[in-house]
Amino acid sequence: MKLLILGATGDQGRAQVEAALTQGHEVRVAVRDPGRAAAGLPRGVEVAAADLATADWGEEALARAAEGCEALLANYPSSSFNDGGWLIDAAAATGRAAAIAGVRVVVFNTSLPQRERLMGYAAHDVRFRMRLALMASRVPVVTLAPVVFMDNLLRGWAFPAIVDEGCFRYAHLPELEVSWVCQADLASLMLSAAARPQLGGEVFRVGGPETLRGEEVAHRLSVAAGRPIRFESQSVDAFCEGMRPQVSRHPPAEAARLLEELGRIYRWYNEGAERPFTVDMTPVLEQLPVTLTPFSDWAAHQRWSRA
Ligand SMILES: NC(=O)c1ccc[n+]([C@@H]2O[C@H](COP(=O)([O-])OP(=O)(O)OC[C@H]3O[C@@H](n4cnc5c(N)ncnc54)[C@H](OP(=O)(O)O)[C@@H]3O)[C@@H](O)[C@H]2O)c1
């Protein structure tokens with residue numbers, strides 16, 4: 001296939017670029033700053049320019065970028081820390097651009113758990129509306145809604161405590177069961193969806209092959225790192241405080257509102273009757289056949305030190 005990938009400079013998009021190249025697909029990406037992006041992307045990737053926050057310009061540029069592509073993998077920046085209005089406009093523009101270019105299927109990565117109704121959480125509901133906006137173009141849209149990424153443990157909000165303190169500190173209650181999924185597996189699932197336009201309209205909640213509590217994750221990390229790593233259930237308030245730098249560009253009142261909303265959705269993740277972080281992958285794999293990576297295998301391939 002020839003694919004257009006949005007958000008290719010982000011963690012999730014980059015994993016999709018790598019997986020697509022490994023599977024032998026041709027890859028084009030649409031980014032805000034092609035010069036900066038090109039340096040960080042693998043060789044052989046075509047780079048086009050499009051700024052999704054400028055809906056009109058974005059649509060025209062995206063339609064050009066999508067020319068000749070069979071599928072479009074759509075990743076967008078945060079719906080927790082960005083204005084929902086432009087994200088929904090960006091999704092609508094993506095759908096129209098895909099229709100103009102004759103793309104056969106758009107695979108939408110919501111990046112977050114989704115339920116099939118508005119839930120009253122801004123980050124969730126913006127993604128819900130983005131899906132409707134994408135689908136308005138009538139191009140088939142397959143939606144994948146992933147739970148928590150294993151790769152998060154390599155990021156600034158988890159990695160330092162793991163390597164410096166032997167502590168897997170995460171804002172999950174001790175009894176919370178989570179179907180951790182790695183970004184490489186999300187990429188494989190998205191590529192599988194890209195080859196199946198007939199699944200247009202479907203929403204797949206996706207996770208990994210096992211559902212683990214915090215202590216079980218810590219045990220697997222201990223084995224992979226070769227030293228003890230304990231689990232510490234962080235309070236949602238402490239987690240949100242740690243996220244304060246992410247909202248520092250906003251005026252104080254808006255920053256406080258965004259952090260409060262982040263806290264609300266994290267409480268839902270932890271306590272919601274819908275169990276947003278638990279997924280049974282058996283029915284999903286019947287339609288999107290891929291081999292999922294167990295947590296231990298993923299952890300064994302990471303470096304659990306600063307060296
Ligand atoms: N489920 C989980 O475990 C998990 C973990 C982490 C994140 N997330 C979610 O995943 C989503 C993305 O995460 P993130 O924000 O951390 O992503 P990120 O890795 O920073 O990637 C965001 C991407 O969007 C692009 N982008 C930003 N503004 C753009 C614009 N105006 N036009 C075109 N492209 C634009 C960025 O490109 P540039 O290079 O141009 O900036 C980048 O490629 C968020 O909703 C986040 O909450 C979920």
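These questions and answers walk through a predicted model, from its ligand shell to its helices and loops.

Residues are numbered from 1 along each chain as its sequence is written. Local features need pLDDT of at least 70 and side-chain atom pairs pLDDT 80 or more, while totals for chains, interfaces and linings use all residues; side-chain values use heavy atoms, with hydrogens and water left out.

Q: How many residues surround the ligand?
A: A residue is near the ligand if one of its heavy atoms lies within 4 Å of it. The closest are T9, R32, D51, V147 and N152. The full count is 23 residues.

Q: How does the shell around the ligand divide by class, and how many of its residues are charged?
A: Ala, Val, Leu, Ile, Met, Phe, Trp, Tyr, Cys and Pro count as nonpolar; Asp, Glu, Lys and Arg count as charged; the others, Gly among them, count as polar. The shell has ten nonpolar and eight polar residues. Its charged residues number five.

Q: Which residue has a polar backbone atom 3.0 Å from a nitrogen atom of the ligand?
A: A polar contact is a pair of N or O atoms within 3.5 Å; within protein, one must be able to donate a hydrogen and the other to accept it, and residues adjacent in sequence count only if both atoms are side-chain atoms. A backbone N or O atom of G7 lies 3.3 Å from a ligand oxygen. A polar backbone atom of D11 is 3.1 Å from an oxygen atom of the ligand. The nitrogen atom of the ligand is 3.0 Å from the backbone of S111.

Q: What share of the ligand's area does the protein bury?
A: Accessible areas come from the Shrake-Rupley method with a 1.4 Å probe; for residues, only the protein chains shown count as cover. Taken alone, the ligand exposes 910 Å². The protein buries 77%.

Q: Is S111 buried or exposed, and with which side chain does its own side chain make a polar contact?
A: Buried means under 20% relative accessible area, exposed over 50%, and partly exposed in between (1.4 Å probe, protein chains only). S111 has a relative accessible area of 12%, so it is buried. Its place is the loop between β5 and α5. At 2.8 Å, its side-chain partner is Q12.

Q: Which side chains make polar contacts with the side chain of N75?
A: N75 lies in the loop between β4 (71-74) and α4. Its relative accessibility is 5%, so it counts as buried. One polar contact, at 2.7 Å, is with Q16. The other named here, at 2.8 Å, is with N109.

Q: What is the distance between the end C-alpha atoms of α1?
A: Helices (H or I, at least four residues) and strands (E, at least two) are DSSP runs, numbered from the N terminus. The expected span is 1.5 Å times one less than the number of residues. For the twelve residues of α1 (residues 11-22), that gives 16 Å. The ends of α1 are 17 Å apart, which agrees.

Q: Which elements are among those covering the buried residues of α1?
A: Contact means heavy atoms within 4.5 Å. In α1, the buried residues are Q12, G13, A15, Q16, V17, A19 and A20. Their cover includes β1 (2-6), β2 (26-31), β4, β5 and α7 (183-194).

Q: How many residues of α5 are buried?
A: Helix α5 (residues 122-135) has 14 residues and reaches 20 Å, close to the expected 20 Å. Its buried residues pack against α4 (84-101), β5 (105-109), β6 (141-146), β8 (203-206) and α10 (252-271). The helix is mostly covered, and its buried residues number ten.

Q: Which residue just after α8 takes a positive phi?
A: In α8, G214, V217, A218, R220, L221, S222 and A225 are buried. They pack against α6 (159-165), β7 (167-170), β9 (230-233) and α12 (295-300). Just after the helix, at a phi of about 75°, comes G226.

Q: Is G156 buried or exposed?
A: G156 sits in the loop between β6 and α6. Its C-alpha is separated by 25 Å from that of L144, twelve residues apart along the chain. The relative accessibility of G156 is 65%, so it counts as exposed.

Q: Which residue has its backbone oxygen 3.4 Å from a polar side-chain atom of S137?
A: S137 lies in the loop between α5 and β6. At 17% relative accessibility, S137 counts as buried. The backbone oxygen belongs to G95.
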